[in-house]
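Q: I'd like a close look at the salt bridges here, please. Start with what the term stands for, and then tell me about the surroundings.

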Amino acid sequence: MNYLSLIVLLPVLSFILLIVFGKKLGDKAAHLSIAAVGAAFGLSVKALLDAMGGAHADLSFTWLTIGNLKLTFGLLLDPLAAMMLVVVTFVSLLVQLFSVGYMHGDKRYGWFYACLSMFTASMLLLVFSSNFVQMYMAWEGVGLFSYLLVGFWFEKRSASDAAKKAFMVTRVGDLGFGIGLIILFITAGTLDMSQVFAMKFAPETASLIAILFFFGAIGKSAQFPLHVWLPDAMEGPTPVSALIHAATMVAAGVYLVARAYPLFEQGPAAMEFVAIIGTITAFMAATIALTATDIKKILAYSTVSQLGYMMMGLGVGAFAAGTFHLMNHAFFKALLFLGAGSVIHAVHSQEIFDMGGLSRKMKITSLTFVIGGLALAGIPPFSGFWSKDEILLGAFESGHTAIFAIGLLTALFTAFYTFRLIFVVFFGKPRGHHGDHVHESPAVMAVPLMLLAALALTSGLLGSPFMGNAYQSFILGGHGGTEHHINYLVMGLSIGVAVLGIFGAWLKYSTNLLPSNVMSKNNIIYQLLVNKYYIDEIYEYTLVKPTHAIARYVLTFDQRVIDGAVNGVAWVISRIGGGLKYLQTGYAQNYALVMVISVVVLIIWSFRAIQLF
Amino acid sequence: MDYPILSIIVFLPLLGALLLQFVPREKANLIRGIALITTLAGLVLGIPILTDFVADQSAMQFVEKQVWVPGLGISYYLGLDGLSMPLFLLTLVLTVISVLASWSIKERVRQYFSLLLLLEVGMLGTFVALDFILFYVFWELVLIPMYFIIGIWGGENRNYASLKFFLYTLAGSVLMLVGILVMYFTSGLNTFDMVQLMQAGYTHYLSTFVFATFFLGFAVKVPMWPFHTWLPDAHVQAPTAGSVLLAGILLKMGTYAFVRIIMQIMPGEFVRFAPYIAVLAAISIVYGAYAALSQSDLKKLVAYSSVSHMGYVMLGLASLTQISINGAVLQMVNHGLITGMLFLLVGYIYERTHTRDIAKLGGLSIKIPILGGMFIFAALASLGLPFLSGFVGEFLVLLGSYSAYKVYTILGVLTLALGAFYLLRAVQNAFYGLPPASMEDFKDMSGREFMSLIPLVALIVVFGVYPKPLLQYIDPAVSAVLQIIRGS
């Protein structure tokens, strides 16, 4: 067996064992799952090295055949897939380690690890797929485990509501993806990626299919207007938020666009669409994050915004920059979420204004969180800077001036809300009543933070001029590289807004230099932001309530009109024949009725037969 | 095959039912045991069918043919092809499961199991009969035991439901009988031999009339909108095993008859009316899903969801593409497994909680985590989650239907969201949250219940992960159907 399939199969095996023996294993459940994902990580690194050496494995097996249709599934290893494999297995490994501490003592501990294992397997299959149907299947698979993990504490109504919402909203997007698959199949006659990518499509067709695919990405990657599920999904355990709702699954939409890039590139309208949706999302979510006060919700909106940033990059044609940001973001956002988990673990609250001054008691958590924050805010040399800068550069150089400007503004907001969070939570005086019992998390939680912090510090350098833009040449291996140069104007602006944002947050939240009423809560803009632009309410009144109303109407129609007609016919017949007064009587009469009818039928039939022969 | 394997399997349950008449009626466990052994023996005898079936052949296999009434051209004619074989085996599996699910029947045990075995004879026979008279006899044979099972062991409103079921489907089968007779007298072949009629094709100025009688007879069984209202009533009132077999097998008799009889004997008529069938199918899909959404009775919810899922089957047939028909046949099997499992679980839950009202349930995943997990699994399979069998059939139907009916296909895709909505809503309200304080404690899944559920879980996963083995039987038969249709 080829080692590539083991990357997917090891976590599957772990899942099966945990489902069957989970209860008996107790704490060992974690060991099993971690061992499996650890091995998968090792093999993924090997796959990455092989991909650097130019390997392009495409194992395949026939999933089904119908007439001339042959659906062949396989594992496709190219630079993009290899990069994602390493990111997914690495983050999954660290999150699972972290969870040993975080989830300790939970009554469904084995189930938790079973779900994490199978989520990882599905995500790896998604990354690896060589066929769009296969990818779609894995895509729904990750959605399922996201559903189960968001609703992990299903006793809580808010958790089960959030889980259902996550599944439903992403499924709405997936319907577009599904229709796109059908149209692609009708147009191309195949759903095999390498065959599809070798084809020429008319621009309108390519745009149509690509936009339909992108609906799936809008759902999965929480882009406007289907972003509403992601903040609610924070009901899940925090390690889950780090793995699924920050680093990997939500990036699957970005990955889909990157994966199907040869198709998107043939549809200029689709590219514009991606860029515009990405920009709207990036800006909108960043503004909502400015007013949020729940540490996980701030990070969730930040994730939505950063995913929008990636889409913006891909949409303006900056393929390398978009995927580069995906990778960097996976590390620093997983770090920030796990850091938030560490804080929540200590403080038992998610409200940032219940916290304060934590840096004195939680040194590792604070330090690593600040590193993650600097990466998110885009301060060099931290990782986020390099990819964000490249995205802005891509927008600038492709002539998307408006997108560039909004991108800059978003970067300003990003730096502001990130450091608002940092100043409020880690600096200043303690608030609330968490008092003295706050302590640093155990090593099993601290070590993953340190490892991710190291990456948040360094992963960006891979795509920097200091390393000869190694990331870009690797990822573009198959796409024909573009020339890299430094635009000091863009870079200067990008650093400038980041510094300005941090300065603003410092001024407002760490000093008394500003009058306290500098940002009034009584204006329309604040109300709009704190209510998240009322998008949930809009859905409630335009979609959810009408759906229920139609359902009730259909049911009434069914009982009154259709069944009414049926009963009416029966009544008429019974009046005519007078025979159906048995209707309300016991079985003896029913017996008789059956007998009579059967006999009558038989007599008529025999009569006809005899008469004619 | 050197022995009449199909006859043996079909009539074995009859033997079991006769044997039961010699057992004293108070020996309930012995009666149950005999019923279980009889159905299990049928399943074991069915193994050679799976191993000896030649996949890439569209002709009938395991054929048994004896002249019965020579003057009338009636013969005792049995056989299987890739369309009927999966349904035949499905029947064997689901009957064993139904027997296991019927352990809790306490009244008139002997009569109950005798009827269940008789029902199995009818269901199996319907799928192997290749002579119209034989087909009709088996078809009717299904009706009577099911009528009694609902009418005697059913819920509070059983008399109304069973009579409605009986009259409705009897009306359908009488129409079918009229169609058979008219066809017989006008085809000029003087035969009830279905294979011969398939080869000859029935064209006559009365074909539209015959088509109409068949159509109504089968559409009631499927059931297609607007002939479906007997189904929710019958399901809600039927005992668990009745619901399982009703959804798992009886509905498939309708869709199977569409493929076997209408599409192959009167292909011209089918092609002519396919656009109208597609409309009804699309309505069934959307309407069934909406009706399921506002249900608070778990059983009714599953019943209406069946109307929607069977709509996909009919859409696949009406689209007349190789992919969509394969998908439709596959979906028949998958729907049997998945909906069978859902009804089984609703039954097991009802035995514990004595209610099916979603509003009165809650927190079942805490009370009965394993049964709860099983229900969630079945719900996910039903809403078309990939890697579970429900996905493959519906995916193929939609993939194949688009070229024929764009709008209905897109409607079908969009309805998948509603499917997720009503099922996840039910899961949330019944299984998540905390159990109501008034709910007493009860045991989680028993060994017997486990045995009845695990084969379904296994098959749903296997067919979902790797559908090729199943499709390799179905595809040649579908090719043969399409050849007939293209030739018309």
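A: Let's begin with the term. A salt bridge is a side-chain nitrogen of Lys or Arg that lies within 4 Å of a carboxyl oxygen of Asp or Glu. Side chains of opposite charge can pair when their charged atoms come close. Please keep in mind that what you have in front of you is a predicted model.

With that cut-off in hand, look at K367(B) and D441(B): their closest N and O atoms are 2.9 Å apart, and the two residues form a salt bridge. K367(B) sits in helix 15 (residues 364-367) of chain B and D441(B) in the loop between helix 18 and helix 19 of that chain, so this pair ties together parts that are 74 residues apart in sequence. How do its two ends fare, buried or exposed? The cut-offs help here: buried means under 20% relative accessible area and exposed means over 50%. K367(B) therefore counts as buried, because its relative accessibility is 18%. D441(B) has a relative accessible area of 67%, which means that D441(B) is exposed.

Now move on to helix 19 (residues 447-465) of chain B. This helix holds E449(B), while R352(B) lies in helix 14 (residues 322-353) of chain B, so their pairing ties together parts that are 97 residues apart in sequence. The closest N and O atoms of E449(B) and R352(B) are 2.8 Å apart in this salt bridge. Both partners are buried here, E449(B) as well as R352(B).

A further pair in chain B is K164(B) with D233(B), whose side chains meet in a salt bridge of 2.7 Å, N to O. These two also link distant parts of the chain: K164(B) belongs to helix 7 (residues 158-187) of chain B and D233(B) to helix 10 (residues 230-237) of chain B, 69 residues apart. K164(B) counts as buried because its relative accessibility is 7%. D233(B), at 17% relative accessibility, therefore counts as buried too.

Chain A has a network to show you: K107(A), R108(A) and E155(A) are linked by salt bridges. Over all chains, a search of the whole structure finds 18 salt bridges.

Next, the surroundings, starting with empty space. Rolling a probe the size of a water molecule over the atoms shows where such space is left. In the whole structure, a search finds nine cavities of 30 Å³ or more. The largest cavity holds about 210 Å³ of space. It is lined by 16 residues, and the closest to its centre are Y136(A), F391(B), F395(B), L398(B) and L416(B). At least two lining residues each come from helix 5 (132-150) and helix 6 of chain A, and from helix 17 (389-401) and helix 18 of chain B. Helix 6 of chain A gives the most to this lining, with six residues.

Helix 6 of chain A also brings us to the second largest pocket, which has about 1200 Å³ of space. Among the 42 residues that line this pocket, M168(A), V169(A), V172(A), L543(A) and V544(A) are the closest to its centre. Two or more lining residues come from helix 6 (157-188), helix 8 (203-220) and helix 23 (535-577) of chain A, together with helix 12 (267-293) and helix 18 (406-431) of chain B. Once again helix 6 of chain A gives the most, here with 13 residues.

To place chain A as a whole, it has 24 helices and two strands. Its C-alpha atoms fill a box of roughly 105 × 60 × 55 Å along the principal axes. Of its 613 residues, 60% count as buried.

The two strands of chain A are worth finding as well. Strand 1 (residues 58-66) and strand 2 (residues 69-76) run antiparallel and are joined by eight bridges. T62(A) stands opposite T72(A) in strand 2. The strands form a hairpin with two residues between them, and G67(A) in the turn has a positive phi of about 50°.

Finally, a stop at the surface of chain A, where I16(A), I19(A), V20(A), F21(A) and W111(A) form a nonpolar patch with about 450 Å² of accessible area together. Helix 1 (residues 3-25) of chain A supplies four residues, the largest share of the patch. I19(A) is found in this helix, and I19(A) counts as partly exposed because its relative accessibility is 45%.

How values were computed. Residues are numbered from 1 along each chain as its sequence is written. Chains are lettered from A and ligands numbered from 1 in the order in which they are written. This is a predicted model: local features need pLDDT of at least 70, side-chain atom pairs count only at pLDDT 80 or more; totals for chains, interfaces and linings use all residues. Side-chain values use heavy atoms; hydrogens and water are left out. Patches are made of residues with over 30% relative accessible area and no salt bridge: like charges are joined within 9 Å, nonpolar side chains (Val, Leu, Ile, Met, Phe, Trp, Tyr) within 5 Å. Accessible areas come from the Shrake-Rupley method with a 1.4 Å probe; for residues, only the protein chains shown count as cover. Buried means under 20% relative accessible area, exposed over 50%, partly exposed in between (1.4 Å probe, protein chains only). Two strands pair if DSSP finds at least two bridges between them. On a 1 Å grid over the protein atoms alone, a cavity is a set of points where a 1.4 Å probe fits but cannot get out, and a pocket is an open set with protein on both sides within 12 Å along at least five of seven lines; lining residues have an atom within 4 Å of a point. Grid points are joined across faces, edges and corners, and a volume is the space filled by probe spheres set on the points.
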